[in-house]
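Colleague: I'd like to learn how to read a fold and its annotated residues. Could you walk me through one, starting with the basics?

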Amino acid sequence: MPDAIEVRKVPIKNVSDASGLAELIDAGTIEADRVIAVIGKTEGNGGVNDYTRIIADRAFREVLLEKGSRPESEVKQVPIVWSGGTDGVISPHATIFATVPEGSVEKTDDLRLTVGFAMSEELLPEDIGRVAMVDKVAAGVRVAMERAGITDPADVHYVQTKTPLLTIHTIRDAKSRGKTVWTEHTHESMDLSNGCTALGIAVALGEIEQPTDADVMHNRDLFSSVASCSSGVELDQAQIVVVGNARGVGGRYRIGHSVMNDALDTDGIWAAIKDAGLDLPERPHTSDLGGRLVNVFLKCEVSQDGEVRGRRNAMLDDSDVHWHRQIKSAVGGVTASVTGDPAVFVSVSAAHQGPDGGGPVAAIVDLGEDPTGYPAP
């Protein structure tokens, strides 16, 4: 059985700031060598050339090296997943997952938070957007589930991934070996990589049957309700973090999930929080959270019909500001109106992640007798 988990959300005060992580370690809240995953938002453009992800990644790994005893080779293997782009009110932040020493928390039969991670086989540029990628991601998810001590896919509530997208360099590499790629548009390859990865997660969890190459990005009825997929230039494998609940782990935290059916669906966010275990009134308010909501994790997407609740919008036609930034800003505001805290993980490009025009929502709550408290400062 895996160790219990401590999970904390910290602000990122500038693009290279990792002081929140350092302070948690210095205070003895977590141990540097027990940090097993970090999931965060950085303030770049969220595009192919968003280098804030690389800067933040370096800053957090430097703290783990300085304050821990693991060699650099091991620290490099810690999944640190950054989603670029804090459009609108979204505030840069990181959620840190660390194991706690055995014996420091009581083991119980209640469902409690557990985390597993894995790296897939290498993803070649010609794999991206095709069944080969689905299969490699699905295999990695199964490994991460086993490491989390989860045997029932119903206990998986959130799967965060980071996968490679296509660049001019990798497209040239594929061609030099006589291979073709799904698209030669590098920005489009971000949506493609995310969507194809989500199908791999859905296959691993039994949410869908094995898709075909033709289904990728076209059959939007195929989706995962727990996938949260990001892509970037900084790796050539799928970095997979499975977050769920298991009995016998112990600890204070639990996770739940739901979906937003469209960009305004606050009920979907509340449903995820309730699914995690908070007892809320029929018409909840931010004040009902009582400092027990650690964070929410969402993906969002513009509806392919260009409408929200029957009203047309112009996001897909806008040539000045890409729809990625517009929908992320809108859903970030909707989410913060529920949580009362703009430090929420809202990421765009949600093909095959939740219903079209909506997206998956996961929520982690603190069920301890004396919750640490996560109100906005």
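Modeller: Gladly! Helices (H or I, at least four residues) and strands (E, at least two) are DSSP runs, numbered from the N terminus. Here the chain has eight helices and 14 strands. This is a predicted model: local features need pLDDT of at least 70, side-chain atom pairs count only at pLDDT 80 or more, and totals for chains, interfaces and linings use all residues. Residues are numbered from 1 along each chain as its sequence is written, and side-chain values use heavy atoms, with hydrogens and water left out.

Colleague: How does the radius of gyration of the chain compare with the globule rule?

Modeller: The radius is taken over C-alpha atoms, and the rule is 2.2 Å times the number of residues to the power 0.38. For 377 residues the rule gives 21 Å and the chain has 19 Å, which is close, so the chain is as compact as a globular protein of that length. Along the principal axes, the C-alpha trace spans about 55 × 50 × 40 Å.

Colleague: And what share of the residues counts as buried?

Modeller: Buried means under 20% relative accessible area, exposed over 50%, partly exposed in between (1.4 Å probe, protein chains only). Of the 377 residues, 58% are buried.

Colleague: Which residues does the UniProt "binding site" annotation cover?

Modeller: UniProt positions are given in the numbering used here, feature names are shortened, and annotations may be inferred rather than shown by experiment. The unreviewed entry lists R53, S83, G84, N194, S230, S231, K328, S347 and V348. Of these, the lining of the largest cavity includes R53, S83, G84, N194, S230, S231, K328, S347 and V348. On a 1 Å grid over the protein atoms alone, a cavity is a set of points where a 1.4 Å probe fits but cannot get out; lining residues have an atom within 4 Å of a point.

Colleague: Where is N194 found, and what is it in contact with?

Modeller: N194 sits in helix α6 (residues 186-204) and is buried, with a relative accessible area of 2%. Contact means heavy atoms within 4.5 Å. Leaving aside neighbours within four places in sequence, N194 is in contact with T163, C229, S230, S231, K299, V348, S349, A351 and Q353.

Colleague: Is S230 buried or exposed?

Modeller: S230 is buried, at 4% relative accessibility, and its place is in strand β7 (residues 227-232). Not counting residues up to four places away in sequence, S230 touches several residues, including S83, N194, K299 and S347.

Conventions:
On a 1 Å grid over the protein atoms alone, a cavity is a set of points where a 1.4 Å probe fits but cannot get out, and a pocket is an open set with protein on both sides within 12 Å along at least five of seven lines; lining residues have an atom within 4 Å of a point.
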